[in-house]
Amino acid sequence: MMARTRKTALVAGATGVVGRSLLRQLVSDPDWEVIAVSRRAPDIEGDYRHIAADLLDPADVAAKLSRLSEVSHIFFSAYIEKPTWAEMVAPNMALLTNLMDALEPAAKDLQHVNLMHGTKWYGNHLGPFKTPAKETDPGHMPPNFYYDQQSFIVERQKGKGWTWSSARPHGICGFAIGNPMNLVMVLAVYATISKALGLPLRHPGSEANARALYNVTDSGLLARACVWMATEPAAANEPFNITNGDIFRWQDIWPAIADYFGMKIAQPQKIDLVQMMADKGPLWERLVKEHILQSIPYEQLVRWNYGNFVFTPEFDIISSTIKVKQFGFTEVQDSQEMFLRHFDELRAKRVIP
């Protein structure tokens, strides 16, 4: 029997909620050698190589990545947040351009580049959009760096031996410190602080937000989907919506979240999480000491603006996953069970009491 040829993955943005899950998935598979690229070292155990590089600095990227001839697959999940979408185009394009400029000439056996995008492709950040959103739906009025990145990679791929894919998840759920798009941490820390203040667990959006249909994506499922995209020939040069496969209303899942934390619920009460949680740092420090939690700075624990983003819309946010299932990736998860499982992990890691 012929020995299987090991593949070499480079994960860019390896400390984010997506990159961290990709790293965990890939190091668990003996078919892969793994290189993690991020400014700080990931907290994932396993056999991989970490390269500390600043993808915004072309000279630093060239010095550290231009000799990685063994790379066969690139998983690009690096991301920079800015106040406006116009401001996000240049830095997020620089991340990808600098990486490809340094790595592609060296990686003679490059097979695939996977991009991480999301439902903002369809304009959910602007207002109501057609649901369920399909990959063939038109985009919205730019700017949107997703469009720039995909156009760049499509043009770059012409005439080359490698292929590309892009993932479009929504409401990514996992664990990574300081990540701006981490719904599990928003829920867990909000519930913990509410309980410490003797409050019921109120949905922090309007009643219309609580009633609207919503879908989310487990970070582990997303990682497995990305690996599938990168290795399945039929998925070459295609974008795919990736969610858990179910939909829910916050008003229906809220009692299960409250029950997990041993809390009562009350009717939704719309609040600005950025403003209302800004002064809770001292309270969190007290909880850390009382419950012997990880000493994570409060400002790195949660990006409350992402909570506002999730709990503000009063319209349905649903992505169709028909295409990815038709192409062969059929994994699904129950979203309520997923939330509770992630809360269990946060407790096990002593992130929440």
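Let's start at Ser219, which touches Val17, Ser21, Ile172, Cys173, Gly174 and His342, leaving out residues up to four places away in sequence. This is a predicted model, so please read every contact here as a property of that model. Ser219 belongs to helix α7, which covers residues 219-231. With a relative accessible area of 4%, Ser219 is buried; the cut-off for that word is under 20%.

One of the contacts of Ser219 is Cys173, and that residue is worth a stop. Is Cys173 buried or exposed? Its relative accessibility is 0%, so Cys173 counts as buried. A bench biochemist may next wonder about disulfides. How many does a search of the whole structure find? The count is zero. Cys173 is in no disulfide, and the nearest cysteine sulfur, that of Cys226, lies 15 Å away. Looking from the other end, the closest cysteine sulfur to that of Cys226 is in Cys173, and because the separation is 15 Å, the two are too far apart for a bond; a disulfide would need the sulfur atoms within 2.5 Å. Cys226 is buried as well, with a relative accessible area of 0%.

Cys173 also leads us to the nonpolar interior, since Leu183 is in contact with it. Setting aside neighbours within four places in sequence, Leu183 also meets Gly171, Ile172, Tyr214, Val216, Trp250, Tyr306, Val310, Phe311 and Phe339. Which residues touch the most other members of the largest nonpolar core? They are Leu183, Trp250, Trp284 and Phe339, in a core of 88 residues. Apart from it lies another core, of 32 residues, including Val18, Leu23, Phe240 and Ile242. In soluble globular proteins, nonpolar side chains tend to be buried together.

Now let's walk along a set of parallel strands, beginning with β1, residues 7-12. Strand β1 runs parallel to β2, and six bridges join the two. Lys7 has Trp32 as its bridge partner in β2. Together with helix α1 (residues 17-27), these two strands form a right-handed β-α-β unit. Strand β2 itself, residues 32-38, is mostly covered, with six of its seven residues buried. Further on, β2 pairs in the parallel sense with β3 (residues 49-52) over four bridges, and here Ser38 stands opposite Ala52.

Returning to β1, we can step to another partner. Four bridges join β1 to β4 in a parallel arrangement, with Leu10 and Ile74 as one pair of bridge partners. In a regular strand the side chains alternate between the two faces of the sheet. You can follow this in β4 (residues 73-76): His73 and Phe75 point one way, Ile74 and Phe76 point the other way, and all are buried.

Strand β4 also pairs with β5 (residues 112-116), again in the parallel sense and over four bridges. His73 stands opposite His112 in β5. Between these two strands the chain crosses through helix α3 (residues 85-103), and this β-α-β crossover is right-handed. Ile74, already met as the partner of Leu10, stands opposite Val113 in β5.

How is β5 placed relative to the rest of the structure? Five of its five residues are buried, so β5 is largely enclosed by what surrounds it. His112, Asn114 and Met116 lie on one side and Val113 and Leu115 on the other, so that both faces are covered. Val113 also has a bridge partner in β6, namely Trp164. Strands β5 and β6 run parallel and are joined by five bridges.

The route from β5 to β6 brings in helix α4: β5, α4 and β6 make a right-handed β-α-β unit. Helix α4 has 13 residues (145-157), and at 1.5 Å a residue it should span 18 Å; its end C-alpha atoms are 18 Å apart, so the two values agree. Its buried residues are Phe145, Tyr146, Tyr147, Gln149, Gln150, Phe152, Ile153, Arg156 and Gln157. What do the buried residues of α4 pack against? They pack against β4, α3, β5, β6 (163-169) and β11 (238-242).

Note on methods. Residues are numbered from 1 along each chain as its sequence is written. This is a predicted model: local features need pLDDT of at least 70, side-chain atom pairs count only at pLDDT 80 or more; totals for chains, interfaces and linings use all residues. Side-chain values use heavy atoms; hydrogens and water are left out. Buried means under 20% relative accessible area, exposed over 50%, partly exposed in between (1.4 Å probe, protein chains only). Two strands pair if DSSP finds at least two bridges between them. A crossover is right-handed if, with the strands pointing away from the viewer, the path from the first strand over the helix to the second runs clockwise. A nonpolar core is a set of buried Ala, Val, Leu, Ile, Met, Phe, Trp, Tyr and Cys residues joined through side-chain atoms within 4.5 Å. Contact means heavy atoms within 4.5 Å. The expected span of a helix is 1.5 Å times one less than its number of residues.
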